[in-house]
Amino acid sequence: MLGGAGALLGLTAGPAQAAEVSFATHCVPPAGIDPVDGTTKVEITAPATAKVGDTVDVVWKFVQAASKNPDIIDLPADSVQPSGTLKAAGAQAASVAMQGERKNPAIPKGAAMVLSDMKGTLKLTAPGEVTLTPDAYTVNAMSTDTKCTPTETVQKAATIEVSPGDGGSSSTPPDPTDSASQPSSPSAPEPSDPSASASDGTGSGQSDFTGKEVDIPYTCQSPIGEKKATSPIQINAKKNGGSYDLTVQFKKSVMDSPADIPKDSVKPSMEVVLGGADKGSVHVEGPTNSEDIKSGDPIEIPDLTGTYKPGADGSSTLSPGVLTINALGTTTTCKPDKTEVSLTLDTSAQASGASGGGSSTSGGGTSSSSSNGGLAATGSDDHGALKALGLVAGTAVLLGGAVFTFMPKRRVR
């Protein structure tokens with residue numbers, strides 16, 4: 001992040017200014033952790049003067065975050081990323097998307113959150129006084145979000161005096177490669193549409209399709225009973241002849257293992273639900289853990305892969321479905337409480353493809369069916385599984401012995 005106000009100077013912008021404001025804030029952590037009311041202190045840096053047509057850099061520095069790291073898990077270095085919104089008012093009204101780097105020191109349980117500076121850009125469109133005021137922000141820690149919202153009127157933190165200009169110059173041209181100036185997801189591109197949509201490549205040559213990251217709440221039947229957790233999931237596809245190679249990603253979420261876990265003992269699988277023109281499901285699975293996982297070491301979620309052979313012409317949707325977890329001789333089946341479309345493809349029917357109308361197999365996967373909206377509850381026999389649910393929804397799902405242990409709120413049960 002920019003280390004000094006001098007780095008913010010544009011070709012035509014005036015000297016930078018910095019002002020600190022504080023405001024009462026209500027923060028809502030993931031499910032299972034109590035909301036927090038605290039005080040946010042931020043310092044906003046922006047040019048004091050500029051001209052119409054300039055694009056100026058704005059920096060949001062956290063002097064103090066409103067909430068602390070809950071007493072659940074130590075956050076490792078470079079696992080926390082802030083994003084937020086800065087409100088421009090006066091001569092022009094705009095919402096400036098702000099984002100920081102995923103960069104932080106290790107943060108112990110119960111310690112103050114240390115957040116990186118956030119940066120954004122604002123193109124000036126009208127002469128006069130433009131004020132900048134901090135608004136809501138989100139703290140993403142290991143794939144979980146804590147959303148913080150002001151509970152009082154926030155005072156303006158900076159003012160830019162904008163003089164008339166020719167409208168053609170830019171003091172700091174936006175860098176299309178700078179993710180900090182984009183309002184997109186920290187870890188992956190996120191389309192603005194309700195679901196990611198893609199052509200099957202006919203006529204355009206497109207072969208790679210990126211899905212939207214969606215938060216899926218699961219109810220899991222484990223060896224010790226019913227548990228709930230939520231995980232962000234993204235489905236991507238690569239065209240391969242008339243079929244698609246699918247990759248299902250549980251967005252990187254790391255947790256510490258409470259016990260030694262031997263290699264080849266943890267493996268996930270899922271039934272991806274087809275909708276729209278096509279019906280049925282696609283079986284995808286991930287590899288077992290390739291190495292022993294020592295107590296205290298992080299557990300990472302592998303990508304799940306499989307092949308989708310379309311059985312219908314038209315617009316077909318793909319959504320996360322039933323997740324099966326086999327681990328150390330036990331099976332846990334997780335059904336979505338609700339699901340959401342991650343990827344939409346324009347498909348062409350293939351011989352022996354997933355028939356549009358009934359449950360089906362897809363490209364070599366196993367058949368599945370269910371009376372619950374097409375979501376099959378399978379007990380896959382491949383080894384099984386994961387921490388697809390770990391540290392999501394504020395609940396640490398720990399794999400210990402042959403069962404999952406959940407840590408709601410601040411007390412281990």
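Both Cys27 and Cys148 are buried. In this predicted model, a disulfide joins the two residues, with an S to S distance of 2.2 Å. The link of Cys27 and Cys148 is right-handed, with 115 degrees about the S-S bond. Cys27 belongs to strand β1 (residues 16–28) and Cys148 to strand β9 (residues 144–150), so the bond ties together parts of the chain that are 121 residues apart in sequence.

**Second disulfide**

Cys220 and Cys334 also form a disulfide, and their sulfur atoms are 2.1 Å apart. This pair links distant parts of the chain: Cys220 sits in strand β13 (residues 214–222) and Cys334 in strand β24 (residues 330–336), 114 residues apart. The link of Cys220 and Cys334 is right-handed, with 110 degrees about the S-S bond. Cys220 and Cys334 are both buried.

The count of disulfides comes to two. With the bonded cysteines of the protein chain numbered in sequence order, the pairing reads 1-2, 3-4. The table sets out the values for each pair.

| Pair | S to S distance | Angle about the S-S bond |
|---|---|---|
| Cys27 and Cys148 | 2.2 Å | 115 degrees |
| Cys220 and Cys334 | 2.1 Å | 110 degrees |

**The chain as a whole**

The four cysteines lie in strands, and the protein chain has 28 strands and zero helices. Of the 413 residues in the protein chain, 49% are buried. The accessible surface of the protein chain comes to about 17,300 Å², and carbon and sulfur atoms account for 50% of that surface.

Contacts can be sorted by separation in sequence. Among contacts in the protein chain with a separation of 6 or more, 72% are between residues 24 or more positions apart.

**Thr317**

Thr317 is part of strand β22, which covers residues 314–319. The relative accessibility of Thr317 is 17%, and therefore Thr317 counts as buried, the cut-off being under 20%. Apart from neighbours within four places in sequence, Thr317 is in contact with two runs of the chain that can be read from the residue numbers: Val273, Leu274, Gly275 and Gly276 on one side of the list, and Val341, Leu343 and Thr344 on the other.

Terms used. Residues are numbered from 1 along each chain as its sequence is written. This is a predicted model: local features need pLDDT of at least 70, side-chain atom pairs count only at pLDDT 80 or more; totals for chains, interfaces and linings use all residues. Side-chain values use heavy atoms; hydrogens and water are left out. Helices (H or I, at least four residues) and strands (E, at least two) are DSSP runs, numbered from the N terminus. Buried means under 20% relative accessible area, exposed over 50%, partly exposed in between (1.4 Å probe, protein chains only). Contact means heavy atoms within 4.5 Å. Accessible areas come from the Shrake-Rupley method with a 1.4 Å probe; for residues, only the protein chains shown count as cover. A disulfide is a pair of cysteine sulfur atoms within 2.5 Å.
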